[in-house]
Amino acid sequence: MDGFSEGSPVYAPFFGVMGATAAMVFSALGAAYGTAKAGTGIAAMAVMRPELIIKSVIPVVMAGIIAIYGLVVAVLIAKDLADDGKYRLFKGFVHLGAGLSVGLSGLAAGFAIGIVGDAGVRGMAQQPRLFVGMILIMIFAEVLGLYGLIVSLILSTKQ
């Protein structure tokens, strides 16, 4: 079998590649949704209160951080990928789990940040004291993606 053993089949790297792909794609989808949803709220709010635009960009920045989580995990997985016959099936499954963990939690966090950011900046146009509450809620949404990153980092270091 050309240097591949039973524990290291030729298709084992496929699961690692899918893990890196899932990490990047799902976290980028969450970040894109969060950016778009919060951005529409900023545009609507800016008509009434243009002086609050800079403060209102925070949800967009927080949504963008979600994509960075996926990028970090995708790079860590990609550096471990090898086509030398030593990449074990277990490692491929662990990398798939790591990618799905950060990707799907990033997708959920991006959705939450987008919805809260949209409603928060629109509400802030009417009552500026909502700013602190909006930030706190978005921090709790962001930490969902951080939990996925932590689990992914732990998984990706498994041998």
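A residue counts as buried when its relative accessible area is under 20%, and by that criterion Gly99, at 0% relative accessibility, is buried. The structure is a predicted model, and its protein chain contains five helices and zero strands. With 42% of its 159 residues counted as buried, the chain can be described through its overall dimensions, through two helix pairs, and through three buried residues taken from helices H2, H4 and H5.

**Overall form**

- Read along the sequence, the secondary structure of the protein chain follows the pattern α-α-α-α-α, and its radius of gyration of 19 Å is well over the 15 Å that the globule rule gives for 159 residues, so the chain is more spread out than a compact globule.
- Taken along the principal axes, the box filled by the C-alpha atoms of the protein chain is roughly 70 × 20 × 15 Å.
- Among the contacts in the protein chain with a separation of 6 or more, 85% are accounted for by residues 24 or more positions apart.
- The accessible surface of the protein chain amounts to about 8100 Å², and carbon and sulfur atoms contribute 75% of that surface.

**Helix H3 against helix H4**

- Two packed helices are described by the angle between their axes and the distance between the axes.
- Helix H3, which spans residues 58-80, and helix H4, which spans residues 89-126, have axes that come within 8 Å and cross at roughly 175°; since angles over 145 degrees count as roughly antiparallel, H3 and H4 are therefore roughly antiparallel to each other.
- On the H3 side the contact involves Pro59, Met62, Ala63, Ile66, Tyr69, Gly70, Val73, Ile77 and Asp80, while on the H4 side it includes Lys91, His95, Ala98, Gly99 and Val102, together with Gly106, Ala109, Ile113, Gly117 and Val121.
- By residue class, the contact of H3 with H4 is made up of twelve nonpolar, five polar and two charged residues.

**Helix H1 against helix H3**

- Helix H1, covering residues 12-48, packs with H3 at an angle of about 175°, and the axes of the two helices are 8 Å apart, which makes H1 roughly antiparallel to H3.
- The contact of H1 with H3 divides into 16 nonpolar residues, eight polar residues and no charged ones.

**Gly99 in helix H4**

- Gly99 lies in helix H4 and, not counting residues up to four places away in sequence, touches Gly19, Ala22, Ala23 and Ile77.
- Ile77 also belongs to the H3 residues that meet H4, and Gly99 is among the H4 residues of that contact.
- Between Gly99 and Gly7, which are 92 residues apart in sequence, the C-alpha to C-alpha distance is 21 Å.

**Gly148 in helix H5**

- Gly148 is placed in helix H5, which runs over residues 130-156, and with a relative accessible area of 4% Gly148 is buried.
- Leaving aside neighbours within four places in sequence, Gly148 is in contact with Ser101, Val102 and Ser105, and Val102 is also one of the H4 residues that meet H3.
- The C-alpha atoms of Gly148 and Gly99 are separated by 9.1 Å, although the two residues lie 49 residues apart along the chain.

**Ser56 in helix H2**

- Ser56 is found in helix H2, which comprises residues 53-56, and Ser56 counts as buried at 0% relative accessibility.
- Apart from neighbours within four places in sequence, the contacts of Ser56 are with Ile42, Met45, Val121 and Met124, and Val121 is also listed among the H4 residues that meet H3.

Note on methods:
Residues are numbered from 1 along each chain as its sequence is written. This is a predicted model: local features need pLDDT of at least 70, side-chain atom pairs count only at pLDDT 80 or more; totals for chains, interfaces and linings use all residues. Side-chain values use heavy atoms; hydrogens and water are left out. Axes are lines fitted to C-alpha atoms, for helices over the stretch in contact, and angles run from 0 to 180 degrees between N-to-C directions. Helices (H or I, at least four residues) and strands (E, at least two) are DSSP runs, numbered from the N terminus. Angles under 35 degrees count as roughly parallel, over 145 as roughly antiparallel, 65 to 115 as roughly perpendicular and the rest as oblique. Contact means heavy atoms within 4.5 Å. Ala, Val, Leu, Ile, Met, Phe, Trp, Tyr, Cys and Pro count as nonpolar, Asp, Glu, Lys and Arg as charged, and the others, Gly among them, as polar. The radius of gyration is taken over C-alpha atoms; the globule rule is 2.2 Å times the number of residues to the power 0.38. Buried means under 20% relative accessible area, exposed over 50%, partly exposed in between (1.4 Å probe, protein chains only). Accessible areas come from the Shrake-Rupley method with a 1.4 Å probe; for residues, only the protein chains shown count as cover.
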